[in-house]
Amino acid sequence: MGRFRARPQGCPADLDVDRAYRTDMAPLKTALLSLVLLISTILIPAAAAAQGALDAGAADPRIAAALQQVSAERIRSNIEKLVSFGTRSTLSAADPASIAAGHGIGAAREWIKSQFDSYSQDCAGCLEVKTDSFTEAPAERIPKPTEITNVYAILKGTDPEAAKRIVLVTGHYDSRNSDNFNVIDAAPGANDDASGTAVSLECARVLSKMKFPATIIFLTVAGEEQGLNGSKHFAQMAKQEGWNLEAVLNNDIVGGDRSAQQDASVLRVFSEGVPVAADDKDLRLIRNLGGESDSISRELARYIAEAARTYDPGIQPTLIFRLDRYLRGGDHSSFNQQGFAAVRFTEFREDFNHQHQNVRAENGTQYGDLPKFVNFDFVANVARLNAATLASLAAAPGPPGKVRLLTKELQNDSTLTWEPSPSAARYEVIWRATTDAEWNHSQDAGNATKVTLPQSKDNVIFAVRAVDKDGHRSLPVVPLPER
Ligand SMILES: [Zn+2]
């Protein structure tokens with residue numbers, strides 16, 4: 001195709017990979033340009049920019065088939081099993097007798113591990129099942145030194161280089177009732193957060209039947225209710241060991257509580273704006289360039305919305321441009337603290353009578369986080385969205401490196417450069433108006449690593465993403481300015 005392309009209405013989509021055409025071919029220019037414009041006017045609407053928000057390309061049939069394996073019935077059974085341990089308070093029993101009796105957090109931990117092990121047996125040992133244990137010193141919500149154990153399974157990538165890229169799904173398996181120090185009475189935690197734990201387990205079961213070039217980790221953490229202790233420890237380990245952790249999906253309260261005002265067609269996705277891990281230099285750039293809504297966590301949130309448009313998991317993610325709900329926190333922030341992209345999934349409308357409550361009936365109201373309030377079909381859809389996102393990212397090339405926007409002089413067009421990503425077949429430049437929530441224009445850049453677009457960098461936000469030969473797309477990278 002020619003280098004000059006016509007514009008769909010309202011969408012300045014011209015691409016100029018290099019300028020040779022303009023300088024060398026003046027005699028032929030007028031006639032040829034007319035011809036090219038005539039042809040490209042016909043081709044562009046199908047080939048290039050979208051008017052609405054972008055999707056993640058055509059669905060990969062293998063990923064689509066895996067999503068169909070997600071089972072609401074298995075999720076129900078797993079949530080009920082987690083509830084059966086009575087309490088999963090991080091401070092509750094973990095001695096051998098309690099584990100044998102199926103009571104307390106130790107029993108829950110062992111059962112989760114056995115689930116990961118059984119999935120691994122079904123895939124010829126494809127999962128490496130591990131624990132991350134540490135002793136937390138006494139703190140505000142930890143009365144005495146307490147052993148905390150995260151349980152996780154690694155589906156290692158098949159490509160030695162790409163396997164260093166990691167995407168991760170998590171939920172917390174600890175629970176609480178009205179009193180955060182009560183280790184005796186029931187703390188069923190069916191929604192908060194057996195639902196998130198069940199999502200991580202079900203993603204492991206379904207995706208372990210597939211192979212991906214990059215690595216997926218299925219994590220369940222403890223200590224969330226005591227102060228995010230498990231996730232904090234895990235995220236620090238990832239940072240210290242230099243993991244290339246591209247994405248963290250935290251599922252917490254994804255049960256779709258069956259209250260009358262619930263909207264089971266919607267799932268909230270929370271993402272931080274200005275990164276908590278940003279240093280002074282980062283903050284200056286963010287202020288100067290209007291980067292407040294382009295943290296790596298927010299790009300992950302947008303990617304999730306694109307994956308949902310491609311794979312139609314049965315729920316619609318609604319992006320909330322905020323770290324978390326008022327007065328609340330979650331494990332994604334532990335990963336944000338260490339500079340990783342991490343988002344939180346939570347049902348659309350929470351019922352606070354069913355969270356952090358002793359199980360009891362008062363004046364005709366049932367309190368407590370019981371399985372009967374959980375919508376298992378909704379949790380299955382949440383698992384599908386998680387699995388679609390994990391699989392899309394693990395199948396995709398890594399993002400392009402060193403993406404730069406050239407700002408050497410005052411110009412009304414925009415030149416972007418980047419370094420190639422291994423296994424990328426091509427690249428896409430995507431953009432949106434500074435006031436738009438999601439990416440809504442894209443331009444194929446072929447296998448070039450430098451493009452010039454005719455619209456002004458002053459007016460839009462650009463990013464570049466890598467695409468493999470099958471159409472899997474990487475996370476987008478917003479360029480840094482280069483003078
Ligand atoms: Zn929770």
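**Notebook: a walk through the model**

I started at Phe345, which is found in strand S8. This is a predicted model, and I kept that in mind throughout. Is Phe345 buried or exposed? With a relative accessible area of 0%, Phe345 is buried. I then looked for a partner far off in sequence and picked Val254: the two are 91 residues apart along the chain, yet their C-alpha atoms are separated by 6.8 Å.

**Phe376**

Next I went to Phe376, which lies in helix H13 (residues 376-395). Phe376 counts as buried, at 12% relative accessibility. Here I checked the C-alpha distance to Gly255 and got 7.0 Å, for a pair 121 residues apart along the chain.

**The zinc ion**

Which residues hold the zinc ion? I found His172 giving NE2, Asp192 giving an OD atom, and Asp252 listed twice with OD. These donors lie 2.0 to 2.6 Å from the zinc ion. In sequence the donor residues follow the spacing H-x19-D-x59-D. I placed two of them: His172 lies in strand S3 (residues 165-172), and Asp252 sits in the loop between strand S5 (244-251) and strand S6 (266-270). The pair therefore ties together parts that are 80 residues apart in sequence.

Why do I call the arrangement irregular? The four donor atoms subtend angles of 53 to 144 degrees around the zinc ion. A tetrahedral call would need all angles between 85 and 135 degrees, so this range rules that label out. I also looked up burial at the site, and both His172 and Asp252 are buried.

**Asp192 to Asp193**

Asp192 came up again when I went through the peptide bonds. A cis peptide bond joins Asp192 and Asp193, with omega at about 5 degrees. I noted it because most peptide bonds are trans. Asp193 has its place in helix H7, and Asp192 is one of the zinc donors, which gave me a reason to look at H7 next.

**H4 against H7**

Helix H4 (residues 72-83) and helix H7 (residues 190-207) have axes that come within 9 Å of each other. At what angle do the axes cross? I got roughly 130 degrees. That makes H4 oblique to H7. I wrote down the handedness too: H4 passes H7 in a right-handed crossing.

**Cysteines**

How many disulfides does a search of the whole structure find? I found one. Cys123 and Cys126 form it, with their sulfur atoms 2.0 Å apart. The angle about the S-S bond is -80 degrees, and the link is left-handed. Cys123 is buried, at a relative accessible area of 15%. I looked at Cys203 as well, and Cys203 is buried with a relative accessible area of 1%.

**Positive phi**

Most residues other than glycine have a negative phi, so I noted two with the opposite sign. One of my entries is Ala124, a residue other than glycine with phi near 55 degrees. Ala124 is found in the loop between helix H6 (105-121) and strand S1 (127-136). Is Ala124 buried or exposed? Ala124 is exposed, with a relative accessible area of 77%. Cys123, by contrast, is buried.

My other entry is His356, where phi is near 50 degrees, again positive in a residue other than glycine. Where is His356? I placed His356 in the loop between strand S8 (342-347) and strand S9 (360-362); S8 is also the strand of Phe345. His356 counts as partly exposed, at 23% relative accessibility.

**Two more helix residues**

I closed with two residues in helices. Gln226 has its place in helix H8 (residues 224-227), and Gln226 is buried, with a relative accessible area of 6%. I compared its position with that of Asp174: C-alpha to C-alpha, Gln226 and Asp174 are 9.2 Å apart in space and 52 residues apart in sequence.

Ile99 has its place in helix H5 (residues 96-101). At 25% relative accessibility, Ile99 counts as partly exposed. From Ile99 I went to Trp111, 12 residues apart in sequence, and the C-alpha to C-alpha distance is 9.2 Å.

How values were computed:
Residues numbered from 1 in each chain as written. Predicted model: local features only at pLDDT ≥ 70, side-chain atom pairs only at ≥ 80, totals over all residues. Heavy atoms only, no water. Donors = N, O, S within 2.8 Å, 3.2 Å for Na, K, Ca; no water. Tetrahedral: all angles 85-135°; square planar, octahedral: opposite > 155°, others 65-115°. Helix = DSSP H or I, 4+ residues; strand = E, 2+ residues; numbered from the N terminus. Buried < 20%, exposed > 50% of the residue type's maximum accessible area, 1.4 Å probe, protein only. Disulfide = S-S within 2.5 Å. Axes fitted to C-alpha atoms, helices over the stretch in contact; angles between N-to-C directions. Parallel < 35°, antiparallel > 145°, perpendicular 65-115°, else oblique. Left-handed = near helix turned anticlockwise from the far one by under 90°.
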